[in-house]
Amino acid sequence: MEKRINVTRSSMPSFEEYCEEIRDLWESHWLTNMGVKHKQLQAQLEEYLDTPHVILYTNGHLALENVIAAMDFPAGGEVITTPFTFVSTTHAIVRNGLVPVFCDINDTDYTMDVTKIEGLITEKTVAIVPVHVYGNLCDVDAIRKIADKHGLKVIYDAAHAFGVSKNGVNAANMGDASMFSFHATKVFNTIEGGAVSFRDDMVQKMNDLKNFGIRGPERVAYVGGNAKMSEFQAAMGICNLRHVNGEIAKRKAIVERYRSHLSGIPGIRLCDDQPGVVHNYAYFPVVFDGYKYDRDEVFAKLAENNIVARKYFYPLTNDIECYQELPTAGAEKTPVAKFVADRVLTLPLYADLSMHDVDRICDTILA
């Protein structure tokens with residue numbers, strides 16, 4: 001059997017580059033608590049993302065959970081979000097004592113259907129948490145207009161959108177805040193990690209939330225938790241940020257190879273590039289809609305050939321066990337999201353994926 005092709009593989013600097021970056025940690029013995037590496041990466045990300053404020057976290061989930069907490073929404077408030085996402089998005093809302101209200105997605109880029117948002121707004125609605133999916137950006141202008149009209153906050157789950165921009169505006173500057181994931185599988189990683197970007201000054205509040213509310217050696221001013229990024233994570237980020245543009249360029253070439261094989265095939269649907277958007281090529285989703293094999297059959301055939309694809313996102317978060325008691329639960333209430341979730345696969349995509357392997361994946365699908 002040919003070698004195994006995993007659905008993703010973490011981008012990493014050379015061993016020597018990372019060792020050189022962490023060398024001074026053996027001199028300082030400062031391994032966490034927002035040290036030199038942490039501050040350096042934070043400043044570099046503010047420059048790279050062209051945004052005034054970036055706060056680093058040990059992972060993307062706690063970043064999202066904390067920025068929602070920072071908004072001080074009343075308990076029981078409703079948050080309009082999408083079920084077509086990783087479960088972390090919904091968990092972050094619920095763990096803040098808020099109620100997720102699920103909005104369907106559109107059938108072109110799989111982001112929130114902006115025509116359905118206003119019909120879900122009630123007197124309890126406090127925010128909208130849309131998700132940039134696969135690096136595809138939401139209709140941020142339409143969402144902003146709706147939010148302003150109804151006095152709502154907009155917090156983007158931008159876990160997939162690092163480095164993505166539209167008409168010169170980086171995803172970090174969309175909405176009231178944006179959360180990025182720096183998990184090992186993402187376009188840019190810090191091993192584990194995440195960040196929140198925002199324009200208004202919430203720096204003190206966000207730091208309180210992630211560091212026990214400590215404001216001095218003998219002062220604790222806020223009931224916060226612990227979500228700090230370590231110096232080793234930050235050092236990996238510093239190294240990977242040097243190479244991220246090259247990694248994205250490699251991903252683009254792989255996506256173009258996939259498209260050359262799979263575009264125009266009856267029953268196979270691919271996402272079109274969004275106009276005005278600079279993409280990061282984070283994922284390559286394929287929807288099998290009337291193809292000679294259904295999604296699960298393709299998934300199984302790939303597995304037989306030692307190729308790992310992912311049913312991403314499946315199941316929908318409004319259809320998972322722990323949310324069945326929610327009044328807004330039930331995939332049948334979001335029919336487009338259910339249709340896509342039942343038919344989508346994300347194919348292997350990472351910077352080091354060879355063109356030979358892309359051809360092998362496509363030949364298996366088309367055989």
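Let me begin with one residue, N306, which is buried, with a relative accessible area of 19%; buried here means under 20% relative accessible area, exposed means over 50%, and partly exposed is in between, as found with a 1.4 Å probe and protein chains only. What we are looking at is a predicted model, in which local features need pLDDT of at least 70 and side-chain atom pairs count only at pLDDT 80 or more, while totals for chains, interfaces and linings use all residues. Residues are numbered from 1 along each chain as its sequence is written, and side-chain values use heavy atoms, with hydrogens and water left out.

To return to N306, this residue sits in the loop between α9 (295-304) and α10 (335-341), where helices (H or I, at least four residues) and strands (E, at least two) are DSSP runs numbered from the N terminus. Which residues does N306 touch, not counting residues up to four places away in sequence? They are M1, E2, K3, R4, I5 and R360, and a contact means heavy atoms within 4.5 Å.

Let me now step back to the chain. The chain contains 11 helices and 15 strands, and its C-alpha trace spans about 65 × 55 × 40 Å along the principal axes. A compact globule of 367 residues would have a radius of gyration near 21 Å, and the chain, with 21 Å, agrees with that; the radius is taken over C-alpha atoms, and the globule rule is 2.2 Å times the number of residues to the power 0.38. Of the 367 residues, 56% are buried, and if we take the contacts between residues at least 6 apart in sequence, 70% of them join residues at least 24 apart. The accessible surface comes to about 16000 Å², with 52% of it belonging to carbon and sulfur atoms, and these areas come from the Shrake-Rupley method with a 1.4 Å probe.

Next, please find strand β1, residues 53-57, where five of the five residues are buried. H53, I55 and Y57 point one way from β1, whereas V54 and L56 point the other way. Which way does β1 run relative to strand β9 (residues 194-198), parallel or antiparallel? The two strands run antiparallel and are joined by five bridges, and two strands count as paired if DSSP finds at least two bridges between them. Within this pairing, L56 has A195 in β9 as its bridge partner.

A second pair makes a useful contrast in direction, since strand β4 (residues 125-129) and β5 run parallel and are joined by two bridges. Here the bridge partner of A127 is K153 in β5, and β5 itself, residues 153-157, has four of its five residues buried.

Staying with β1 and β9, we can look at helix α7 (residues 203-210), whose buried residues are K205, M206, D208, L209 and K210. These buried residues pack against α3 (36-48), β1, α4 (60-70), β9 and β10 (214-216).

Where does M229 lie? M229 is in the loop between β11 (219-220) and α8 (231-262), and, at 0% relative accessibility, M229 counts as buried. Among the residues that M229 touches, not counting those up to four places away in sequence, are L56 and Y57, together with T32, H38, F182 and G194. The C-alpha atoms of M229 and N59 are separated by 7.7 Å, although these residues are 170 residues apart along the chain.

Finally, a few words on the backbone. Most residues other than glycine have a negative phi, and most peptide bonds are trans. Against that background, M34, in the loop between α2 (25-28) and α3, has a positive phi near 55 degrees, and D50, in the loop between α3 and β1, also has a positive phi near 55 degrees. Are these two residues buried or exposed? M34 is buried, with a relative accessible area of 18%, whereas D50 is exposed, with 57%. Just after α7, F212 takes a positive phi of about 65 degrees.

As for the peptide bonds, a cis bond joins Y312 and F313, with omega about 20 degrees, and another cis bond joins Y314 and P315, with omega about -5 degrees. F313 is found in the loop between α9 and α10, and P315 lies in the loop between α9 and α10 as well, which brings us back to the loop that holds N306.
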